[in-house]
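Student: Could you take me on a close look at a single part, the place where the two chains meet? I would love one connected walk through it.

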There are 2 protein chains.
Amino acid sequence: MLSKNKLKFLRQLALKKHRDAEGLFLAEGPKVVGDLLPHFACLLLCATTDYLAAHPHLSANEVIEITERELQQASQLKTPRQVLAVFRQPAPLPEAEHPIILRQRLCLALDGVQDPGNVGTILRIADWMGIDHVFCSPDTADAFAPKTVQATMGALARVAVHTTDLPTLIDHAGAEIPVFATTLDGDDLYADPLSTTGLIVMGNEGNGVSAEVLRRVNRRLYIPNFPSGRATSESLNVAIATALTCGEFRRRQR
Amino acid sequence: MLSKNKLKFLRQLALKKHRDAEGLFLAEGPKVVGDLLPHFACLLLCATTDYLAAHPHLSANEVIEITERELQQASQLKTPRQVLAVFRQPAPLPEAEHPIILRQRLCLALDGVQDPGNVGTILRIADWMGIDHVFCSPDTADAFAPKTVQATMGALARVAVHTTDLPTLIDHAGAEIPVFATTLDGDDLYADPLSTTGLIVMGNEGNGVSAEVLRRVNRRLYIPNFPSGRATSESLNVAIATALTCGEFRRRQR
């Protein structure tokens with residue numbers, strides 16, 4: 001049974017203020033919870049009788065059997081699914097290590113991406129594409145918000161998210177680092193030589209990359225539409241642009 | 001001013017039953033409404049004073065000036081934006097013409113895609129990629145649902161959507177038509193010869209392509225992850241998979 005206090009605690013984790021204060025986050029459903037359980041400390045797992053019967057060995061600090069009705073009350077989803085768990089957020093990496101990571105591999109940066117669904121979908125893309133580190137500006141939607149966590153489909157288990165000031169990160173990494181962004185005046189993504197390391201920056205849904213970051217972008221790319229020059233939408237959804245860009249980087253590296 | 005009857009009429013268009021009975025659909029915001037106005041008959045346009053001042057020549061049957069409060073009441077959006085319009089849905093193309101279209105160009109089929117946001121995003125991708133016809137199974141989310149329309153960002157002005165029984169469509173188009181789907185056991189997307197015509201089928205978010213359609217798929221593709229064989233998410237979001245697949249078809253045709 002779920003006590004009133006526990007229910008309140010679970011509901012509060014929908015708010016960033018409480019998530020940050022506690023250093024915790026919420027995940028739901030067998031797929032996402034199952035993917036996260038081996039990677040994050042689980043403080044509390046609430047699940048229906050059916051789920052608990054199917055998963056007898058759960059590595060959680062506390063396991064509570066709950067009814068469908070209690071699940072409904074605690075869940076952030078429209079259609080709750082069997083299980084809901086509270087995990088500890090990973091300890092943030094010291095900022096001094098960010099530029100070191102960036103110099104050694106291909107990374108992604110999110111500069112003011114607003115929609116939690118987009119951020120989650122992008123983390124899922126990063127996971128698929130073997131991009132292990134994603135740097136987020138402080139105004140990007142929280143990677144540990146319930147909607148983001150659900151959209152990642154478990155990618156948080158494999159992709160590290162670092163919240164940081166992007167201009168500072170780029171400055172510390174050094175001027176020789178290629179910093180890519182997709183812009184309308186960029187070079188053809190499919191004709192550009194690209195690179196195997198560097199930073200790909202994706203911007204806000206409405207306004208694109210911020211001025212402070214754009215000033216530091218030294219490789220502008222354009223995702224060509226088809227046929228070239230055809231009247232079309234002015235832009236692609238940010239997660240779609242991320243997929244096409246990262247996909248092309250990785251296709252070249254095969 | 002918005003009468004009670006008009007408000008009721010607008011709100012009812014959130015329901016498929018009413019949209020289909022009236023043959024109408026709702027669009028919101030300056031960008032989407034602006035893109036659709038030149039392409040669809042507009043029966044009713046409701047907008048704030050500011051919007052009407054900035055757009056003195058509107059080709060709508062009826063224009064009503066409304067307050068922010070009325071806009072809030074009529075809108076399907078969390079943050080309504082200036083304008084809301086009712087358009088006539090395009091007349092459906094006779095089914096006999098579907099296979100003719102399919103034989104002549106690269107088309108997309110959605111087989112049970114559930115989420116209106118995904119359908120809208122996919123239509124926006126089709127628009128960008130010059131895929132002019134999208135065939136939807138009857139159980140795919142309605143292309144004219146408010147959430148879909150908003151996610152298309154105006155792509156409905158350029159992409160024709162046909163609701164039809166997909167197995168029948170494929171059978172009528174003929175066995176020589178390449179029918180592609182992405183599956184876990186498919187051929188490497190980047191190594192496959194692909195083609196310049198044919199049908200790319202995208203399936204349901206949870207269950208993929210239906211058995212009846214999968215039986216008719218003669219070219220299975222796999223979107224490789226990176227590095228190949230790395231433990232990763234089991235799948236990509238359906239809109240992301242659509243973008244990567246269609247993007248690769250079009251990259252080859254450049």
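Tutor: Happy to! Between chain A and chain B there are 14 residue pairs in polar contact, counting pairs with both residues at pLDDT 80 or more; that threshold matters here, as this is a predicted model. On the side of chain A that touches chain B, α7 (116-128) and α11 (238-253) each supply at least two residues. Of the elements there, α11(A) gives the most, with nine residues. Sorted by character, the residues on that side of chain A are 16 nonpolar, nine polar and 14 charged.

Charge also shows up in the pairing across the contact: two salt bridges are counted between chain A and chain B. In a salt bridge between the chains, the side chain of B:Arg254 meets that of A:Asp188, at 2.7 Å from N to O.

Now step back to the whole contact, which takes 39 residues from chain A and 39 residues from chain B. Together the chains bury about 3,600 Å², and 56% of that lies on carbon and sulfur atoms. If you want three residues to look at on the chain A side, try A:Arg124, A:Trp128 and A:Phe226: they supply 25% of the area that chain A buries against chain B, more than any other three residues.

Finally, the symmetry. Chain A superposes on chain B by a rotation of 180° with 0.0 Å of shift along the axis, at an RMSD of 0.0 Å. The two copies are therefore related as by a two-fold rotation axis. Both copies use the same surface, too, with 100% of the contact residues of chain A recurring in chain B.

Technical notes: Residues are numbered from 1 along each chain as its sequence is written. Chains are lettered from A and ligands numbered from 1 in the order in which they are written. This is a predicted model: local features need pLDDT of at least 70, side-chain atom pairs count only at pLDDT 80 or more; totals for chains, interfaces and linings use all residues. Side-chain values use heavy atoms; hydrogens and water are left out. Contact means heavy atoms within 4.5 Å. Buried area is the accessible area (1.4 Å probe) that two parts lose on being put together, summed over both. A salt bridge is a side-chain nitrogen of Lys or Arg within 4 Å of a carboxyl oxygen of Asp or Glu. A polar contact is a pair of N or O atoms within 3.5 Å; within protein, one must be able to donate a hydrogen and the other to accept it, and residues adjacent in sequence count only if both atoms are side-chain atoms. Helices (H or I, at least four residues) and strands (E, at least two) are DSSP runs, numbered from the N terminus. Ala, Val, Leu, Ile, Met, Phe, Trp, Tyr, Cys and Pro count as nonpolar, Asp, Glu, Lys and Arg as charged, and the others, Gly among them, as polar. Copies are superposed by least squares on the C-alpha atoms of residues with pLDDT of at least 70 in both.
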